[in-house]
Structure formats: structure tokens, C-alpha cells
Amino acid sequence: MRSPGARGALSTLFVFYLLAFAAFLLWSILALPDLFPVFRWPYLWTAAFVHFVDYAIPVTAAGLAVAYSLFLRAGSGDRRPFHRLVGSQLTLLVVLAILYTVFLLGFYPRSRTLLTELEDLTRHGRSLLEAARQDSRQGRQQAALDAYERYLGINRRDATVSGERDELLQAMHAAPPAVAGKEEPPAPEPAEGQQPHELLAIAKAYFLKEDWFSANYFATLAEQVSGDRRDAVSREAARLAARAWGEISSRDPNKMELAERRLFQDKKRGYELYQREDYLAAYYHFLQLARGYPGDGDAKRYLDLSRKQVLRVTYFLDEAERMDPLPGPQGLLFVNARADGKREIVSIGKMVATAGETFFKDLEVLRFDAGRVLLHSQAPYGKLDVSETPAAAQGQAPGARAGILLHGIDRLRRERESVPRVLAGSDRREEPRYLLTLAPRPGELAALRAPGPSGRTRLGSVGLDTLWLARGGIGAFGQMESALSLEILMRLLLPFAFLNLGLLAMALGWSYRLASSRRPPAAAYLVIPLFPLAAALLTGVYLKVHRTLAAFALLAWGFNPALIGLAVLEGAILAVMLIVLAGRGAE
Amino acid sequence: MLGVKNALRLPALFLLFFILLGVLLTGLSLLELRVSHFGEPPQTARALAASRLPALLLERFPAAVLFALVLTLFPLYRRPGNRFFSYLLPMGAAFVVLAFGGQALRGVLAAPRAPELSAAGYFLPQRFQEFGGTVLYLEAVERSRLDGVVVLSAPAAGPRLAYLGVGEVRLAGEKVTLRGGGRSLTAPARPAYAVLFAEAEDPVRSLLAGFAADLALVARELGVRYRASLPSYYFSCLALVFSFFTAGVFFRISRWPLANVLLAFLVMRGYLFLFRWLREGVAGELAKLAGAPRLVGYLPEAALLALGAILLLVDLLFLPFDRRGEELAGA
């Protein structure tokens, strides 16, 4: 900065920020909810950051006002017009406004989500631990182990519970269960993207090698890929598939060794299951087979193939459960429009999106029509399925883009599965899989929050991009468009408020600066902590007035005119503030 | 002569500030009312605004006068004029406007009958809305009948969604009761679009709400005094104007003008708090002890006048009127 006064102003602002952050950290410590120790510090830093962004405008305004009134005196610098005196600091204010915008629109929503998430995780972890101990006491060792593992996934540094889990493992006389993730990834599908004649060539090669299972598989695939075309390739593929199957059927197991016979019969049974499209049974069958015969290529290949088919209609429960500790939007609620005129309301406890996969927790669906409930069901988990959905077949609006698979299976045990629990009505489905077809696009889901007593709290954790994306058609999902639009407008307003109130504070500070070079008495400095408070009240009034004006404009004229009106208003205020600032004399 | 001229412009400035603030405060309140009742048909909304306007004007009127008086203190101390006139004229103008203006308003304004609000103003069809700690969804609203009602309860272990079917709404005072599907839900009667003004609870909003509540109490108390007797009404007006004006002494209390302004605002805010505390807390207790409720009823005004008198004495005896000028001359 060019003058000692200006340097003093900058230092004051920096001290204000530092002290404000320390105060917010203290506030967070005093208001710390009941959390696992491992979450406490992340929670405290995040909460302090959230408070800091919440109150950044008043803290900045107070800092600038105090700095300008105390340090930027006419006698402290050279005698230049005020606007030249503060020119570099205006640039600083603009830079600060940009930084504030980045924090507000970039990090703030995620931080708010994280705060809620850490509280929820602690609650969830405690209930898991309780369930684990109860299961352990009642002798349900496997269930107890699962709950312990999930608990330790959340609170991994809990040595006591870790010890309890180890004792349980010892009691079960087993090594820690194979974690699902350690399983080999499915082998790449050899037939993907290949032409019928290429598949037929592969089938022929296998046929010559007397690998009848593979020959049958590839020949059938070649026939399927040909579709309705009944050309030479298709006919030959059909013939080859039949011949390979004939070879499988004609083989006399009595002529084989015992182990070979058992393997052959098991493979044949599994293959039949696969051919019958009972993929779930085939998956568990080949899983056993692949474990028993790790070197058998057929078992491995058909395990991969059946897993791929299974994952088109179900999801693995362990994957869904692993999402529990991850942050994501909570309390989703929407009307799921159906083309058949029936109303469907969907409530989702939490949504977690990771790279490529999205899971849901605590789903509830209520479908009703003409005064009666058609279906009321609950599912603990669900997985987003973005594959093509037979929309018309399910009574959904045309163009439905995604669905939620509600059938969860255990990766290793057939006995454990999760299907929706029907609470009322009937679960008559037009297709075999448990699929909840979604009317909203996946990108819109995060904005479909259940309303609460405070709109800001509800939508504060939703990013501006999601709000913007969802705004257009959100009314169709039972959401109040005006609440969402107003949130967008108010969020866009905040950077302007930062700039305008910062400029006002500069002008006020300069207008009410020290008249002489003598310092005020020490007691006067005691009021400094009250400046942010006063600035917060001023900011509150400023935003309240804007909220009222924006709400009226929004309801009376719509979003775009309100947006333009707000931009014009903010531009006008900014111009006035700059004129006021420029008009301050240097004397 | 310049000093008298500077003092003479103060009542004019006060009137200007008062009109601007009056229009702003009442206008914003009307706008908020309009937005909150956006679900009502336009005629009903207009009739509602007309019926609430007199009450709104009377509620915002004292706030506009007191804020305008505070704003007048800024030019007063920026360009000090003749001390006697600088004190007398704005204070006199403020008293005249508050006492006689309020009296005239009460005499002139007669509130038209408020239109009867239907359930449609409190419920939005095919939209989720918060209702007494639950979330409500309804297909259609027809007078007091709601169709296709679904309730989402707070998070719990069991099912959260419940279908109530047809619901019947009853408005009773400040509460709305919904009965249907064997359940009865009650919530504060909040217009459907009032949710647009709902914001997160935080300390600043609580302070602002407390400030607004204290100003509303002052307005109510003035109404009570007016109905009781004119002298007591004038006495209350005088106490308010005098105390707020003399708090201006804090504008010159130290060498640091910005801190002075902040202190002056704090003292004025403190007056409102004191007024409420004495009226709602101490006065009642004292009346029980002293057995003279009428006399004790004037305790808030008496306290404000006493504090004002002390501050005026401090001002006259210890503080230079043109402190800024003296500081500049000293520099």
C-alpha cells in the first residue's frame, strides 16, 4: 500500500478476519454436538468456515469501517483526493468479493452438507454398534460381524470396538471375511462390440477345441446379435449352438473321472440356469463353482457373465452399505409423475454419488389414486440405474431417464437379500425387477429437498449449479418453484452485498474518522467488538429488504424479470456507493 | 446567524427523513403481506392489504419518527448550529409529529373489514409444504376441504409417509387445524407463501426480531395510552422523543466519531429494551407491591425521562457542542 494509513487499514482488516475466525471456532467448540472423536476436529474447522462465510459481509464491513475511521487519516498520507487514496484498496475489495464468491458458491454448500453428514454418521454409527452388540449377545455372529465392520468403517479408530470385533472373529474361528472389494473384477466381455460372423468364428474355434460350453455360448451370442436377420451366419450359428449343446447333452458322465464328472454336471446345471435367464441362481452357482475350481475358465467366465446380468436387475448390498459414511444430499422428497395419472410420492433419506455410481438410502414410496393407496413400500437401499428403462411398460411418463434398483443381494450369500417391504396396497409389477422409475433427471435429485421450517437451511447445502438445473421443471416434482428461484436470486445477490456494504463501510469509516492525529482513549477501543455486531444487523436489514423486493418481483413478474431487476438494482446501488465514496473529501 | 440557519434546517430534514422512512417501512410491510398472501385471489389480497394498512401505519409510525430523529442527529452534529434551537426544533418537530400525527392517524384511519381467508391461502395444491413439524402434500383445495392429502412425518424408524385422503381444515385464531385419515395436525396460521421469508435461525436474526418486537411494543403502548387519556399519551410521546434525542450526546462522547455513533445506537436500542423490561417485568411486580398500578404504569416513561435528563445535563455541562470543530482546530 502506498501510505502508512492504508497499510494500517489492511492490517486491521486482516486482524478482523483472524479474530472473527477464532471467535467462530470458539462458537463451534461451545456448540459442538455429540460426535465421534474422529469427527470432532473436521466438524469444528468446517463449522468455523461455514460461520465465517455466513458472517463474512459484516466482518468485512466492520473491519473496513474501523480501519478507515482509525488509520486512514488525512494527516497520515499525502494530501490527495480520497478516491486516489483508496484506489488500491478498492481493488483489494473487489479481490475479496471474488474470493468470497468462490467460497460461497464453491466450498460453502459442500461444507454445510458435511456438517449434517458428520452428525448423522455419528447417530448411524451408534445404532450400528448397538445392533452389533445385540446380535452378538443373541448369537447372530455373522450379522454382528457385518454390523461391527460397518461401524468400524465409520469410526475406524475405536480400539474397543475393534477388539470386540476381533474377539467375535476368534469365536467364529474364521479369518476376517473376504471383503467384497477384494474379489477379482469381472473379466472383460469377449463378445462386446463384435459382429455375428466374428462371434461365429470364435464359436467354431472353441468347437474344434471341443470346448462345448464356450462354443455353445458364442454361437448363441452370434445368433442373438444377428437379431431378426435370418442370414447364413445366423443359421450357421444356430446349427453350431445346437451341435455344441448336443455334445454337452450326449456326454456320458459315467465315463468320466469322479471329479471331472462332478465338475461337468455342475457346469451343465449352471449353464442351464444361465440359459433359462435365471441369472441370480446362475451367479451363486458359478460363484461356488469358481471357488471349488479356481482354475476352470468356464466357471470363471460364466460367473462374470451372470454377475453382469445380475447387476442389471440388482445391486450388491455391501456396496450400498459402504456408502453410508460418505456425504450426500439428505431428505429428498418429490412427486414421481406417472403417465397413467396415478400419483407417486417418493421419500429418500440420503443420496450418495461416487464416481459412476449413485446409491440411495431409506427409500419410501407411496402411490395413490382416487382416494386409495395403491402401493406403500419401503426399501433400505437402492442403486441408480441409468440403463434404458421400458418407460411405457411401467406407466411412467415418456422420456423417463433413470430408475432406482431396489433389489439388493449379498455378494457371497444367497440367503441375504433386500427387497422393498410392502406396507400397504399391492406390489404388482409389470416387469420382473424391482425398479422404481424416476421422473426427475439424476442431476435434479439433489435439489428436491423436503421443505422445512427454514428454506435457507434446507437449500443452503445445495450447489448453485444444481439449483439452476432444477429450477425450470421443479414444480412438476411437487416443489415450490418460487422458493428455489428466490434462493438462487439471494445467492447471486450476496457478492454484490459484499461489495456494496464494503463500500458503504469505507465511506462511513472515512466520514467518521478521527479528526486529529491524537489517538482516542483506550476505553474507546473496547467498543471494537461491537462493530461486527452492528454491521451484522445492518447486513440483516439490507438482505431482508432485498428478499422482500426479490420475492415480490419473482411472484409478480417471474424469474428472468426479477433477475434482471435485481441486477439493475445492485448495479445502481454500486454506482451510488462509488459516487458517495468518490465524493468524500481528503480533508 | 449561520448557526440559527443550520438549526432551522433540522426540522425540515427531520420531516424528510420521517416521510421517507414511513413510506419505506410501511411499503415493505405491505409488500411482505402481499407476497405472503400471493395464493389469494387479487381482490382478496387487495382487500386484505386495505384492511391491514391502518394497523401497519400505526405500528410503523413511532419507529419512523424515532429513526428519523436519530438520522437528524447526524447533520446536527456534522454542522452544529445554534445550540438552543438545534435542540429545541428537531425535538419539538418530532414530538408534534409523534403526538399529534399519531392522534390524527388514529382519528382518521378506520380499517375496512378484513376479508375472510379461505384454506386456499394457507395451502398450495400439488406442492410440498411444511406444516407444524411435518411436510404436507395435497392434490386439491376446495374451500376448507383438502383432497389427496399425504403427510411426511419427521425421520423415524417406521414409515414416514402416510396417506390421509380427504382432510378438513379449520382456522381458529392464529392456528390452523387439519383433520383427516384419523389424524389431527395443528400448525400456526402462516400464509402459504410466507415460507419465502423463512430463514435460518441465527443470533443476528434473533436480535433483529427482538428489535422489531420492542418497536411493536412501543407502538402498542402508545395506542393503549391514547385510549386511556390524552395527557398520558402526550407524556409517553414526550418521554420517547426526549430520551432518544438526548442520547445524541454519545455522538460527541469521545474523540472517535465512529465509535460514538455506535454507542449512541446502542443506547437507543437499550432504551427500547428498558421500556419493554420495565413495562412487562418490573411494572407488574411493583404494582403488586406498591398497590398503585396506575402510577407504576408510568415507570417506563419516567425512567426514560430521567435518563434523558441526566444525559442532557452531561451534554450541557461536560461536552463541547462542536467537538469535531475543536478537534480539527486542535489538530
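In which sense do strand S7 (residues 408-409) of chain A and S8(A) pair, and over how many bridges? Select both strands: S7(A) and S8(A) pair in the antiparallel sense, and two bridges join them. Before going further, keep in mind that this is a predicted model.

**Stop 1: the three-stranded sheet of chain A**

With S7(A) and S8(A) still selected, add strand S1 of chain A, and an open sheet of three strands appears in the order S1-S7-S8, with mixed pairing. Its edge strands are S1 (315-316) and S8 (417-418) of chain A, each of which pairs on one side only. To see one of the bridges, display Gly408(A) together with its bridge partner in S8(A), which is Ser418(A). Strands of a sheet pair through backbone hydrogen bonds, in either a parallel or an antiparallel manner.

**Stop 2: strand S2 of chain A**

Next select strand S2 of chain A, residues 330-335, where six of the six residues are buried, so that the strand is largely enclosed by the rest of the structure. Then add strand S3 (residues 343-354) of chain A, which runs antiparallel to S2(A) and is joined to it by five bridges. A convenient pair to label here is Val335(A) and Ile345(A), the latter being the bridge partner of Val335(A) in S3(A).

**Stop 3: a helix pair in chain A**

Widening the view to the whole of chain A, one finds 19 helices and ten strands in its secondary structure. Of the 587 residues in chain A, 41% are buried. Among the contacts in this chain between residues at least 6 apart in sequence, 68% join residues at least 24 apart.

From these helices, select H6 (residues 141-154) and H7 (residues 159-171) of chain A, which pack at an angle of about 150° with their axes 10 Å apart. As angles over 145 degrees count as roughly antiparallel, H6(A) and H7(A) are therefore roughly antiparallel to each other. The crossing in which H6(A) passes H7(A) is left-handed. To display the contact, show Gln141(A), Ala144(A), Leu145(A), Tyr148(A), Tyr151(A) and Leu152(A) on the H6(A) side, and Val161(A), Ser162(A), Glu164(A), Arg165(A), Leu168(A) and Ala171(A) on the H7(A) side. Coloured by class, the residues of this contact divide into eight nonpolar, two polar and two charged.

**Stop 4: where chain B touches chain A**

Now bring both chains into view and select the residues at their contact: 50 residues of chain B are in contact with 51 residues of chain A. On the chain B side, the elements that give two or more residues include helix H1 (2-36), strand S5 (161-172), helix H4 (203-228), helix H6 (257-290) and helix H9 (323-330) of chain B. The element that gives the most to this side is H6(B), with eight residues. By class, the side of chain B that touches chain A has 32 nonpolar, six polar and twelve charged residues.

A single residue to pick out here is Ser254(B), which lies in the loop between helix H5 (230-246) and H6 of chain B. Ser254(B) counts as partly exposed, with 18 C-beta neighbours inside 10 Å. Leaving out residues up to four places away in sequence, Ser254(B) touches Pro520(A), Pro521(A) and Ala524(A) as well as Ala259(B) and Asn260(B). For a distance label, use Ser254(B) and Arg323(B), which are 69 residues apart in sequence and 9.0 Å apart in space, C-alpha to C-alpha.

**Stop 5: H4 and H6 of chain B**

Hide chain A and select H4(B) and H6(B), which pack at an angle of about 60° with their axes 9 Å apart. The two helices H4(B) and H6(B) are therefore oblique to each other, and H4(B) passes H6(B) in a left-handed crossing. The contact is made by Phe211(B), Asp214(B), Leu215(B), Leu217(B), Val218(B) and Glu221(B) of H4(B), together with Arg269(B), Leu272(B), Phe273(B), Phe275(B), Arg276(B) and Arg279(B) of H6(B). In this contact of H4(B) with H6(B), seven residues are nonpolar, none is polar and five are charged.

**Stop 6: Thr26 of chain B**

Finish at Thr26(B), which is found in helix H1 of chain B and is partly exposed, with 19 other C-beta atoms within 10 Å. Setting aside its neighbours within four places in sequence, Thr26(B) is in contact with Leu56(B), Leu57(B) and Arg60(B). As a last distance to draw, Thr26(B) and Val267(B) are 25 Å apart in space, C-alpha to C-alpha, and 241 residues apart in sequence.

Technical notes:
Residues numbered from 1 in each chain as written. Chains lettered and ligands numbered in written order. Predicted model: local features only at pLDDT ≥ 70, side-chain atom pairs only at ≥ 80, totals over all residues. Axes fitted to C-alpha atoms, helices over the stretch in contact; angles between N-to-C directions. Helix = DSSP H or I, 4+ residues; strand = E, 2+ residues; numbered from the N terminus. Parallel < 35°, antiparallel > 145°, perpendicular 65-115°, else oblique. Left-handed = near helix turned anticlockwise from the far one by under 90°. Contact = placed C-beta atoms within 7 Å. Nonpolar A, V, L, I, M, F, W, Y, C, P; charged D, E, K, R; others polar. Buried ≥ 20, exposed ≤ 12 C-beta atoms within 10 Å, placed from the backbone. Pairing = 2+ DSSP bridges.
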